[in-house]
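Thanks for making time this morning. I would like to walk you through one model, beginning with its nucleic acid and ending with its cysteines.

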There are 2 protein chains.
Amino acid sequence: MPKPEVDQTVPLQLSVDRNSPVPLYFQLSQQLEAAIEHGVLTPGSLLGNEIELAGRLGLSRPTVRQAIQSLVDKGLLVRRRGVGTQVVHSQVKRPLELSSLYDDLEAAGQRPATQVLAHTHVPATAEVAARLGVGEGSEVRCVERLRLAHGEPMAYLCNFLPTGLLELETGQLEATGLYRLMRAAGITLHSARQTVGARAATPAEAERLGEPAGAPLLTMQRITYDDTGRAVEYGTHTYRASRYSFEFQLLVRS
Amino acid sequence: MPKPEVDQTVPLQLSVDRNSPVPLYFQLSQQLEAAIEHGVLTPGSLLGNEIELAGRLGLSRPTVRQAIQSLVDKGLLVRRRGVGTQVVHSQVKRPLELSSLYDDLEAAGQRPATQVLAHTHVPATAEVAARLGVGEGSEVRCVERLRLAHGEPMAYLCNFLPTGLLELETGQLEATGLYRLMRAAGITLHSARQTVGARAATPAEAERLGEPAGAPLLTMQRITYDDTGRAVEYGTHTYRASRYSFEFQLLVRS
DNA sequence: CTCCCTTGTTTGTCCGGACAATGTGACTGC
DNA sequence: GCAGTCACATTGTCCGGACAAACAAGGGAG
């Protein structure tokens, strides 16, 4: 009785455009990713060896390897010496982007809205100064916002930014997310340090979010750095635990 | 007035052992990482161009690039065309490992302990079956544990595993973490899907964790997959929010 | 003095090849 | 029938070179 093994090598239509300015390895990796996404490359199927693949596409092996490697890093493929490269079974989404709540909600089709509660410049408290790496008492921008979805409060966001980093208008803050504005201002976000916890709501917080007093809240603190290592944002957020949770995918560091 | 720019090229003592079985690029990346860790390479300092570095070490440029690239992926270095490669300022730790609570506590010097509350085989409920990708009602291993630090309850852990995956003894579960046991059994963990939220403790939960009734709890659900895409573990954990929070570093996907 | 262009430096991409390490499967000897 | 061994397939590592693209700084024109 022949077992219907899924580990078959899949013939695949691939092509690259050498006149395109987009790198060849990137073209290839995108096509492979799309093929996986659309189920053309089924989980468990082998990709065919690199040498043959390179020959078929008219590329060199290093280029093909670079394409495959990027997908391995994303967790979509697994390589095994002596076996080949195969598609991972599990439904990997993406390993937790540095995303704003606004983008998350929008991606979920929730039509987010923002109320700017305060938008001022204040002297930095000791804590804020330490997080942002500025002098205590120096002036920082302070933004307090309420994020809504379907007209219901979802989260209360309090952010501090160094002054002079970018121009910010209240109107912009109500139309889109903070990260999008920062990226648009030419700031390249690089990394962030996050702490996620929970605690009971104070009466003021409960009132603000429309929760009963003492309700559990999900809290997040985040310091964001740009690629030069400067802290560009420090935020403390509180989410309605009854309506929001963090969901993300992790990859194991090889 | 000359500004004391930190962006200096740093002379560095590096060497590789060609007789070692460990890859050359890995030797180099480890030495560079150590130099950054120990502050020999200060934040903002340039690394010197790749060609010269390769020549100095007797390596080829691709090998040097591979070493540097791995550190760029870790977020320790930043490359800029026409400028060079420089060390990132911020204190990047690690971008959130697939770690067990046990390892986290041990790393923090908390001397973790485990009480195994239950260790049985049960028929899978619809939810567990869906998460693990097994048939509803088929037998799965169920482990309930209480994790303590300094004798105080920290978290209640409830895990489900497919049967036949590995041998597990209660004694082992009390001595170390589940992930360590799985790795020791030859299972290569690959990725995990996590959901983090918060809710109020039920009376039973409060009792178990030594919290007052209705206290906020931090909750985490996790499905872990191995490199073939099988789900190898599904767990629902509740943490005392007053004593525990998740902390992690994110990198921006280029 | 200011602005623009040129020039040089450095990384990004790509090639073609070579050998080593590892896992698979078939073959052979017992 | 079984186990050990050998050959094969495939990825891992490494080399040396070539050209393109982006950025910074210096020099020249206005």
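Of the atoms of DNA strand D within 4 Å of the protein, what percentage belong to sugar or phosphate? The share is 74%, and the rest belong to bases. Before going on, I should say that this is a predicted model, in which local features need pLDDT of at least 70 and side-chain atom pairs count only at pLDDT 80 or more, while totals for chains, interfaces and linings use all residues. Side-chain values use heavy atoms, without hydrogens and water, residues are numbered from 1 along each chain as its sequence is written, and chains are lettered from A, with ligands numbered from 1, in the order in which they are written.

Around DNA strand D there are 24 residues, counted as near if a heavy atom lies within 4 Å of the strand, and the closest include Arg65(A), Arg79(A) and Arg18(B). By class, this surface has seven nonpolar, eight polar and nine charged residues, and α3(B) gives the most to it, with three residues.

Looking at individual side chains, a polar atom of Arg79(A) lies 2.9 Å from a phosphate oxygen of DNA strand D, and an N or O atom of Thr85(A) is 3.4 Å from a phosphate oxygen. Arg61(A), by contrast, places a side-chain N or O atom 3.0 Å from a base nitrogen.

Turning to the cysteines, the structure holds zero disulfides over all chains, a disulfide being a pair of cysteine sulfur atoms within 2.5 Å. The sulfur of Cys142(B) has its closest cysteine sulfur in Cys158(B), 4.6 Å away, which is too far for a bond.

Definitions and conventions
A polar contact is a pair of N or O atoms within 3.5 Å; within protein, one must be able to donate a hydrogen and the other to accept it, and residues adjacent in sequence count only if both atoms are side-chain atoms. Helices (H or I, at least four residues) and strands (E, at least two) are DSSP runs, numbered from the N terminus. Ala, Val, Leu, Ile, Met, Phe, Trp, Tyr, Cys and Pro count as nonpolar, Asp, Glu, Lys and Arg as charged, and the others, Gly among them, as polar.
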